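Dear colleague,

Please find below the structure that I am handing over to you. The findings follow directly after it.

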Amino acid sequence: MKGVRIEAMRAEHADAVLTIYQAGLDTRNASFETQAPDWAAWDRAHLPEHRFVALEADPAGSNNGGVDDEVLGWVASSPTSSRCVYAGVVEESIYIATMARGRGIGRALLKAFIESTEAAGIWTVQSGIFPENTASLALHASAGFRVIGTRERVGEHFGRWRDVVLVERRSRVVGI
């Protein structure tokens, strides 16, 4: 991934993050959501830790400290529950810009995300994926996630009932 770097998501990435999110939603295979929220709502719904973006250097080569670098994808987490017994469990979301898919961006983002969550004592990362989203299922499998089950016809989406495949990755570092 020459010219691509992974770094912590900042508020200045908000517009690009939401644009990539909406493009994923527009595929109708990424989420039950249909519209990306505004940044304040997105920010409230995601934990402030363990947010990363993949950035590609500004093709014009300007030396502006990365301000114009292009966001190629992002990964973030949400709490699974407010109960204290779930303190080490998060739900992960990852979205890659359409033009950046197939370049290893997802693997790099998940690697940084997993390293960050494990350093913070997170023992389980889980995600729900539509079965039709084979690229996301393959990406998660390559990062050590396993299928734990399928919730059948769990919700209606654009007039049809959808299944959700539940995947999880148990830490090999955080003792359980």
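Leu109 touches a series of residues that are more than four places away in sequence: Ile6, Phe52, Val53, Ala54, Gly73, Trp74, Val75, Ile94 and Ile96. Please bear in mind that these contacts, like everything below, come from a predicted model.

Leu109 also stands out in the largest nonpolar core, which has 39 residues. Together with Trp42, Trp74 and Ile105, Leu109 is among the four that touch the most other members of that core. Eight elements each supply two or more residues to it. The helices on that list are α1 (14–26), α2 (39–45) and α3 (105–119). The strands are β2 (52–56), β3 (70–79), β4 (89–96), β5 (124–129) and β7 (160–170).

Regarding the overall fold, the protein chain contains four helices and seven strands. Their order along the sequence is β-α-α-β-β-β-α-β-α-β-β. The radius of gyration is 16 Å, close to the 16 Å that the globule rule gives for 176 residues, so the chain is as compact as a globular protein of that length. Taken along the principal axes, the box filled by the C-alpha atoms is roughly 50 × 45 × 30 Å.

Some totals for the chain may also be of use to you. Of its 176 residues, 42% count as buried. Among contacts with a separation of 6 or more, 65% are between residues 24 or more positions apart. The accessible surface is about 9,500 Å², and carbon and sulfur atoms account for 50% of that surface. There are 19 positive and 22 negative side chains, and 7 Å separates the centres of the two sets.

I turn next to the loop between α2 and β2, where both Glu49 and His50 are found. Glu49 has a relative accessibility of 42% and therefore counts as partly exposed. From C-alpha to C-alpha, Glu49 lies 8.4 Å from Thr117, although the two are 68 residues apart in sequence. His50, by contrast, is buried, because its relative accessible area is 10%, and the limit for that class is under 20%. The phi angle of His50 is near 65 degrees, a positive value in a residue other than glycine. Most residues other than glycine have a negative phi.

A positive phi also occurs in Arg153, where the angle is near 45 degrees. Arg153 is found in strand β6. With a relative accessibility of 55%, Arg153 counts as exposed.

Strand β6 covers residues 146–157 and also includes Ile148. Is Ile148 buried or partly exposed? The relative accessibility of Ile148 is 41%, so Ile148 counts as partly exposed. Leaving out residues up to four places away in sequence, Ile148 touches Leu166, Val167 and Glu168. Glu115, which is 33 residues from Ile148 in sequence, lies 22 Å from Ile148 in space, C-alpha to C-alpha.

Val164 belongs to strand β7. With a relative accessible area of 11%, Val164 is buried. Which residues does Val164 touch, not counting those up to four places away in sequence? They are Phe32, Gly128, Ile129, Phe130, Pro131, Gly149, Thr150, Arg151 and Val154. Val164 and Gly3 are 161 residues apart along the chain, and 35 Å separates their C-alpha atoms.

Gly3 appears again in the surroundings of Ala57, a residue in the loop between β2 and β3. Apart from neighbours within four places in sequence, Ala57 is in contact with Gly3 and Asp69. Ala57 counts as partly exposed, at 40% relative accessibility. The distance from Ala57 to Ser31 is 29 Å, C-alpha to C-alpha, for a separation of 26 residues in sequence.

When you open the model, you may wish to begin with Leu109 and its contacts, including Trp74 and Ile94. The loop that holds His50 could follow, and then strand β6 with Arg153.

With kind regards

Definitions and conventions. Residues numbered from 1 in each chain as written. Predicted model: local features only at pLDDT ≥ 70, side-chain atom pairs only at ≥ 80, totals over all residues. Heavy atoms only, no water. Rg over C-alpha atoms; globule rule 2.2 N^0.38 Å. Buried < 20%, exposed > 50% of the residue type's maximum accessible area, 1.4 Å probe, protein only. Contact = heavy atoms within 4.5 Å. Areas by Shrake-Rupley, 256 points an atom, 1.4 Å probe, with all protein chains shown as cover. Lys, Arg positive; Asp, Glu negative; His and termini not counted. Charge placed at Lys NZ, Arg CZ, Asp CG, Glu CD. Core = buried A, V, L, I, M, F, W, Y, C linked by side-chain atoms within 4.5 Å.
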